[in-house]
Amino acid sequence: MDKITIKNLKLFAYHGVNPEEKENGQNFFIDLDYYLDLETPCESDNVEDTVSYAKAVKIIRKVFTEKSYDLIEKAAQVVCDVLFEEFSQIKKIEITLKKPEAPVSAEFDYMAVNLTRERK
């Protein structure tokens, strides 16, 4: 199976358990692979035959920023759900949602959740 990759998509949102996270917001970064058959677009060279990463980013941005979730687990799941809803060609999604500004008293690059979801 083929895949399209989006790496380090930076989005500002209001996800988190703490009140200050919901009030002030913070940056998040998404790495996403979506799996589909790319044979047709490889032959046709037509963007209509694939799942455009530009369209995917537009949808991810909208769903990721329109609501506030306590858990990044839920935010990542919502991204997967909407991509499956919008694009029937997508068979599998792997997403890493990184939270580099997590309110944890420690030195770290980021906290993250990784989900792998397949179309049901």
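Leu 97 stands opposite Val 113 in β4, a handy spot to start looking at this predicted model. Leu 97's end of the story belongs to β3 (residues 92-99), which pairs with β4 in the antiparallel sense over 8 bridges. Around that pairing sits a protein chain with 4 helices and 4 strands, and the rest of this briefing walks through the sheet, the helix on it, the core and the salt bridges.

**The sheet**

- Four strands make up an open sheet, ordered β1-β2-β3-β4, with antiparallel pairing.
- The edge positions go to β1 (2-13) and β4 (111-118); each has a single partner strand, so one side of each is left without a neighbour in the sheet.
- From one strand to the next, the twist averages 15°.
- Along the β3-β4 pairing, which runs over 8 bridges, you can also pick out Lys 98, which stands opposite Ala 112 in β4.
- Side chains in a regular strand alternate between the two faces of the sheet.
- On its other side, β3 pairs with β2 in the antiparallel sense over 7 bridges.
- In that pairing, Asp 31 stands opposite Thr 96 in β3.
- How enclosed is β3? Of its 8 residues, 6 are buried, so β3 is largely enclosed by the rest of the structure.

**The helix on the sheet**

- Helix α3 (residues 53-66) packs on the sheet, where it touches β1, β2 (26-36) and β3.
- The direction of α3 makes about 35° with that of β1.

**The nonpolar core**

- The largest nonpolar core has 35 residues, and the members that touch the most others are Leu 32, Tyr 34 and Leu 83.
- Two or more residues come from each of β1, β2, α3, α4, β3 and β4.
- Helix α4 gives the largest share of this core, with 9 residues.
- Tyr 34 is worth clicking on: leaving aside neighbours within four places in sequence, its contacts include Asp 2, Lys 3, Ile 4 and Ile 6.
- Tyr 34 also has Val 51, Ser 52, Tyr 53 and Ala 56 among its contacts, and Ile 90, Lys 92 and Ile 93 as well.

**Salt bridges**

- The structure holds 6 salt bridges, and three of them are picked out below.
- Lys 3 and Asp 33 form one, with the closest N and O atoms 3.7 Å apart.
- That pair links distant parts of the chain, since Lys 3 is in strand β1 and Asp 33 in strand β2, 30 residues apart.
- Buried or partly exposed: which is Lys 3? Lys 3 counts as partly exposed because its relative accessibility is 44%.
- Its partner Asp 33 counts as buried, because it comes in at 12% relative accessibility, where the cut-off for buried is under 20%.
- Lys 99 and Glu 21 form another salt bridge, with the closest N and O atoms 2.6 Å apart.
- Here Lys 99 sits in strand β3 and Glu 21 in helix α1 (residues 19-24), so to speak distant parts of the chain at 78 residues apart.
- Both Lys 99 and Glu 21 are buried.
- The side chains of Asp 70 and Lys 22 also meet in a salt bridge, 2.9 Å from N to O.
- This pair too links distant parts of the chain: Asp 70 is in the loop between α3 and α4 (72-86), Lys 22 is in helix α1, and they lie 48 residues apart.
- Asp 70 counts as partly exposed at 45% relative accessibility, and Lys 22 counts as partly exposed at 32%.

**The chain overall**

- Read from the N terminus, the elements of the protein chain run β-α-β-α-α-α-β-β.
- The C-alpha trace spans about 50 × 25 × 25 Å along its principal axes.
- Of the 120 residues in the protein chain, 42% are buried.
- Among contacts with a separation of 6 or more, 61% are between residues 24 or more positions apart.
- The protein chain exposes about 7,400 Å², and carbon and sulfur atoms supply 46% of that area.

Key. Residues numbered from 1 in each chain as written. Predicted model: local features only at pLDDT ≥ 70, side-chain atom pairs only at ≥ 80, totals over all residues. Heavy atoms only, no water. Pairing = 2+ DSSP bridges. Axes fitted to C-alpha atoms, helices over the stretch in contact; angles between N-to-C directions. Contact = heavy atoms within 4.5 Å. Salt bridge = Lys/Arg side-chain N within 4 Å of Asp/Glu carboxyl O. Buried < 20%, exposed > 50% of the residue type's maximum accessible area, 1.4 Å probe, protein only. Core = buried A, V, L, I, M, F, W, Y, C linked by side-chain atoms within 4.5 Å. Areas by Shrake-Rupley, 256 points an atom, 1.4 Å probe, with all protein chains shown as cover.
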